[in-house]
Amino acid sequence: MSRFNIFLHRTGERLALPKATRSLILVEIAADLEDLFNHYVQQGLSEDEAAARAEEKVDMSDEALVELVRIHSDARGWTDRIVRRAQPFGERIAMALIVLFFIVASALEHGVRPLAHLTGFAWPIFGILLALLVYFIVQMARFSDHQSPRRLRDSLATPLFLGAASLVVGFAGTGIELYRTLMRMAANPEHSGPLFAKAILGSTATLAIALLVTLAAGVAWFFLAGRVARLEDDVARTFMEVK
Amino acid sequence: MTTFELEPQTLARSCHEALILATLAHGPRHGYQLALEIEDRSEGSFRFNHGTLYPILHKLESNGLIDGSWAEPAGKRKRRQYGLTAAGRKHLNRLRDAWSAYFESLFNIIGRSEP
């Protein structure tokens, strides 16, 4: 047992952060406490005095704790909660089935025919899908390469960005396609019906592809974020072992 | 290089950042080493409470100015060690220029002590 366990426990209770993040901060503080303690003992203080002095030196004000929580919570606290919330096996299976249902239902309903109706805006979406696949393969390689969780977490924004980009292209493409069609309809009122039907068909097909790519990006992010969270938990557990 | 001006309301934080970055420019350090070294080299003028040190270190790290890594010396507890990044070195130079300009302006007004 460390002589600073009570102090560390008290500090940990004041850190409103995910368990892994909190543990790593406490490990850092614990090491500094030990070093300061040794430093003061070498200076001639008794062990009790050295321990009290080290705790006093490391003690964090409420403002410092709030600042620390703010730094580590930026755009991460809620994502952490989502990922860790869905850790149970049953929930993950349910999520995989929902995704599978979307893909199978789309294929059964329309076969591959929607691809024939796609507008030109589908190409950037396929590009995004390709980028997502490459990213996913690279990330899996980085996992097997045992890279640090921090570096892995830093790159987790990429699938979210790709998913958002797919949505933007899909919706913007639909808007532009409809605008073009309306212009054509105004110029050729006698062909309005077929023009409008073609535009709606193309736009909805493209939008559906965009949504599926966004869904795939979300699933990729969820899967990778879950692995990073588990890796962080493992690291924190290892680090918290008292020497 | 972009000019960098010190804001009166963030002088203390900017000073702490400059002290930490300048100390790390000599090589990687642990948190407690940083605090003690700054205190020693300033002959007690700058006393760092570790409690205020962690938020600054973690902020500098999240901004990419320093890089934290875990070191495990033989037979000892794991320690968080910080080193200066290339971006941190650039930022330190900006801080040096800003603090020089700041003190120059200050002394232009208050003057130096007379013998």
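**Fold of chain B and its contact with chain A**

Along its sequence, chain B follows the pattern α-β-α-α-β-β-α. The model described here is predicted. In total, the secondary structure of chain B comprises 4 helices and 3 strands. Of the 115 residues of this chain, 27% count as buried. Among the contacts in chain B between residues at least 6 apart in sequence, 49% join residues at least 24 apart.

The 3 strands of chain B form an open sheet in the order β1-β3-β2, with antiparallel pairing. The edges are occupied by β1 (29-30) and β2 (66-71) of chain B; each has a single partner strand, so one side of each is left without a neighbour in the sheet. Strand β1(B) is joined to β3 (residues 79-84) of chain B by 2 bridges, and the two strands run antiparallel. Within this part of the sheet, Arg29(B) stands opposite Tyr82(B) in β3(B).

Helices of chain B also pack on these strands. Helix α1 (residues 11-24) of chain B lies across β1, β2 and β3 of chain B, and runs at about 90 degrees to β3(B). Helix α3(B) likewise packs on the sheet, where it touches β2 and β3 of chain B; the direction of α3(B) makes about 110 degrees with that of β2(B).

A local backbone feature is found at Glu43(B), a residue in the loop between α2 (31-41) and α3 (50-62) of chain B. Most residues other than glycine have a negative phi. Phi of Glu43(B), by contrast, is near 50 degrees, a positive value in a residue other than glycine. Glu43(B) counts as exposed because it has 7 C-beta neighbours inside 10 Å, where 12 or fewer are required for that class.

In chain A, a helix pair was examined. The axes of helix α1 (residues 5-14) and helix α2 (residues 19-42) of chain A come within 10 Å and cross at roughly 145 degrees. The crossing of α1(A) and α2(A) is right-handed. From α1(A), the residues Leu8(A), Thr11(A) and Gly12(A) meet Arg22(A), Leu26(A), Ile29(A) and Ala30(A) of α2(A). Classified by residue type, this contact of α1(A) with α2(A) has 4 nonpolar, 2 polar and 1 charged residues.

The contact between the two chains takes 21 residues from chain A and 17 residues from chain B. On the side of chain A that touches chain B, the elements giving two or more residues are α2, α3 (47-58) and α4 (62-73) of chain A. The largest share of that side, 9 residues, comes from α2(A). By class, the residues on the side of chain A that touches chain B divide into 10 nonpolar, 3 polar and 8 charged.

One helix pair spans the two chains. The axes of α4(A) and α3(B) come within 9 Å and cross at roughly 20 degrees. This angle makes α4(A) roughly parallel to α3(B), since angles under 35 degrees count as such. The crossing of α4(A) with α3(B) is left-handed. In α4(A), the residues Ala64(A), Glu67(A), Leu68(A), Ile71(A) and His72(A) meet a set of residues in α3(B), namely Gly51(B), Thr52(B), Tyr54(B), Pro55(B), His58(B), Lys59(B) and Ser62(B). The contact of α4(A) with α3(B) has 5 nonpolar, 5 polar and 2 charged residues. Helix α3(B) thus appears in two settings: α3(B) packs on the sheet of chain B, and α3(B) also meets α4(A).

Key. Residues numbered from 1 in each chain as written. Chains lettered and ligands numbered in written order. Predicted model: local features only at pLDDT ≥ 70, side-chain atom pairs only at ≥ 80, totals over all residues. Axes fitted to C-alpha atoms, helices over the stretch in contact; angles between N-to-C directions. Left-handed = near helix turned anticlockwise from the far one by under 90°. Contact = placed C-beta atoms within 7 Å. Nonpolar A, V, L, I, M, F, W, Y, C, P; charged D, E, K, R; others polar. Buried ≥ 20, exposed ≤ 12 C-beta atoms within 10 Å, placed from the backbone. Pairing = 2+ DSSP bridges. Parallel < 35°, antiparallel > 145°, perpendicular 65-115°, else oblique.
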